Amino acid sequence: MANRIVTGAHYGLIDWLAQRVTAVVMAIYILLAITLLLISSPDDYSSWKTIFSNQWMRIVTLIFFLSLCWHAWIGVRNILMDYIHKTSIRLTIQVLVIFSLFFYAVWAIEIMWG
Amino acid sequence: MRFSIYRFDPDKDEKPYMQDYDIQLDPADKMLLDALIRIKTVDDSLSLRRSCREGVCGSDGMNINGRNGLACITPVAGLKEPVELRPLPGLPVIRDLIVDMTQFFKQYRSVNPYLINNDPPPETERLQSPEERAELDGAYECVLCACCTTACPSFWWNPDKFVGPAGLLQAYRFLADSRDHATAERLDDLEDPYRLFRCHSIMNCVDTCPKGLNPTKAINKIKGMMVKRTV
């Protein structure tokens with residue numbers, strides 16, 4: 001096949017929007033976390049454990065981690081689209097990124113609920 | 001005044017090189033283009049494009065001390081010496097300061113930069129209210145000099161797929177036009193991870209535009225229109 005330039009994937013808006021929304025979610029969580037840590041200033045394992053024994057804290061932290069993964073996926077994919085021009089290599093790296101982000105998300109759940 | 005100018009003649013030179021010139025300017029040589037024409041009286045092998053010499057035709061876009069601009073409206077006073085002149089980055093060099101603009105105009109044409117309106121032509125003009133006309137301010141003044149697009153890293157990496165700031169500013173110019181009837185088709189065409197969303201809003205285009213336009217703002221308005229029709 002001649003090297004035709006193909007564009008017209010008809011997506012991109014949701015990713016762009018999601019990147020902004022997840023950034024806001026993370027910013028709010030970080031402010032909340034800093035405030036919480038300043039108030040309770042945990043200095044040993046058991047005080048950290050107490051903070052995360054609260055179910056709400058776990059859920060909010062999970063939302064943060066999922067936002068982080070989604071945000072990272074869009075950002076890393078953007079970098080790959082900019083710099084890696086061979087489709088097969090780009091797809092391979094993208095799959096690896098998806099697997100590692102999935103692994104990190106599961107790991108975060110395991111840490112909080114395990 | 002001292003100049004260091006990028007020279008490359010594919011018929012003679014293996015590789016591009018920088019040539020130094022030390023030129024006595026005339027008091028009337030106010031703009032960089034005047035200085036370049038003065039240099040050409042000494043060395044007529046130096047090649048550059050120029051036409052209107054007043055910032056309207058957009059021919060003499062070049063990289064001046066690291067920043068893209070039009071030589072004809074860049075005052076020589078205040079330029080750091082030696083003035084380093086290079087062709088616009090990111091496009092193939094034909095010779096010296098002349099670049100091949102094919103890719104740039106290909107992207108420009110891809111946004112259908114003309115009014116699309118299939119209504120029967122009216123007796124008189126298609127009228128606009130002053131407010132509708134004001135929407136086009138800052139969008140129609142582009143002279144297509146390519147200073148913005150060739151300053152954009154996203155265009156450097158994907159010149160074949162990313163429309164670039166100049167093309168997207170033109171796309172917005174017709175999206176914003178109350179007389180245009182192809183809004184949905186235009187948005188469909190631009191909704192693409194490469195064509196529009198390679199823009200990461202780093203605003204090199206705004207920094208460099210010799211006409212003081214703001215392509216990033218236009219691009220964000222396009223994204224805003226997409227959000228409006230989707231969400």
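In which sense do strand β3 (residues 61–64) of chain B and β5(B) pair, and over how many bridges? The pairing is antiparallel and runs over 2 bridges. The notes below start from that sheet; the model is a predicted one.

1. The β3–β5 pair. Within the antiparallel pairing of β3(B) with β5(B), B:Asn63 stands opposite B:Arg86 of β5(B). Strands of a sheet pair through backbone hydrogen bonds, in either a parallel or an antiparallel sense.

2. The β1–β5 pair. Strand β1 (residues 2–7) of chain B runs parallel to strand β5 (residues 83–86) of chain B, and 3 bridges join the two. One residue to look at here is B:Ile5, whose bridge partner in β5(B) is B:Leu85.

3. The sheet as a whole. Chain B has an open sheet of 5 strands in the order β2-β1-β5-β3-β4, and its pairing is mixed. The edges are held by β2 (17–22) and β4 (67–70) of chain B; each has a single partner strand, so one side of each is left without a neighbour in the sheet. On average, and with direction ignored, neighbouring strands of this sheet are turned by 30° against each other.

4. Domains of chain B. The domain assignment splits chain B into domain 1 (2–99) and domain 2 (102–230). The C-alpha centres of domain 1 and domain 2 of chain B are 29 Å apart. Contact between these domains involves 14 residues of domain 1 and 14 residues of domain 2. On the side of domain 1 that touches domain 2, β4(B) gives the largest share, with 4 residues. That side of domain 1 is made up of 7 nonpolar, 6 polar and 1 charged residues.

5. Helices α5 and α8 of chain B. Helix α5 (residues 164–175) and helix α8 (residues 215–230) of chain B have axes that come within 9 Å and cross at roughly 55°. What does that angle make of the pair α5(B) and α8(B)? The two helices are therefore oblique to each other, and α5(B) passes α8(B) in a left-handed crossing. Residues of α5(B) in this contact include B:Leu168, B:Leu169 and B:Tyr172, while the α8(B) side includes B:Ile219, B:Lys221 and B:Met225. By class, the contact of α5(B) with α8(B) counts 12 nonpolar, no polar and 1 charged residues.

6. Helices α3 and α4 of chain A. In chain A, α3(A) packs against helix α4 (residues 87–113) at an angle of about 170°, and the axes are 10 Å apart. α3(A) and α4(A) are therefore roughly antiparallel to each other. Among the residues that meet, α3(A) gives A:Arg58, A:Phe65, A:Cys69, A:Trp73 and A:Leu80, and α4(A) gives A:Arg90, A:Val97, A:Leu101, A:Tyr104 and A:Trp113. The contact of α3(A) with α4(A) has 18 nonpolar, 2 polar and 3 charged residues.

7. The contact between chains. Which elements of chain A give two or more residues to the side that touches chain B? They are α1 (13–40) and α3 (55–83) of chain A. Thus α3(A) takes part in the side that touches chain B and also packs with α4(A). Overall, 13 residues from chain A and 16 residues from chain B enter the contact. The chain A side divides into 8 nonpolar, 4 polar and 1 charged residues.

Definitions and conventions
Residues are numbered from 1 along each chain as its sequence is written. Chains are lettered from A and ligands numbered from 1 in the order in which they are written. This is a predicted model: local features need pLDDT of at least 70, side-chain atom pairs count only at pLDDT 80 or more; totals for chains, interfaces and linings use all residues. Two residues are in contact if their C-beta atoms, placed from the backbone, lie within 7 Å. Ala, Val, Leu, Ile, Met, Phe, Trp, Tyr, Cys and Pro count as nonpolar, Asp, Glu, Lys and Arg as charged, and the others, Gly among them, as polar. Axes are lines fitted to C-alpha atoms, for helices over the stretch in contact, and angles run from 0 to 180 degrees between N-to-C directions. Angles under 35 degrees count as roughly parallel, over 145 as roughly antiparallel, 65 to 115 as roughly perpendicular and the rest as oblique. A crossing is left-handed if the near helix is turned anticlockwise from the far one by less than a right angle, and right-handed if clockwise. Two strands pair if DSSP finds at least two bridges between them. Domain bounds come from an automatic or database domain assignment.
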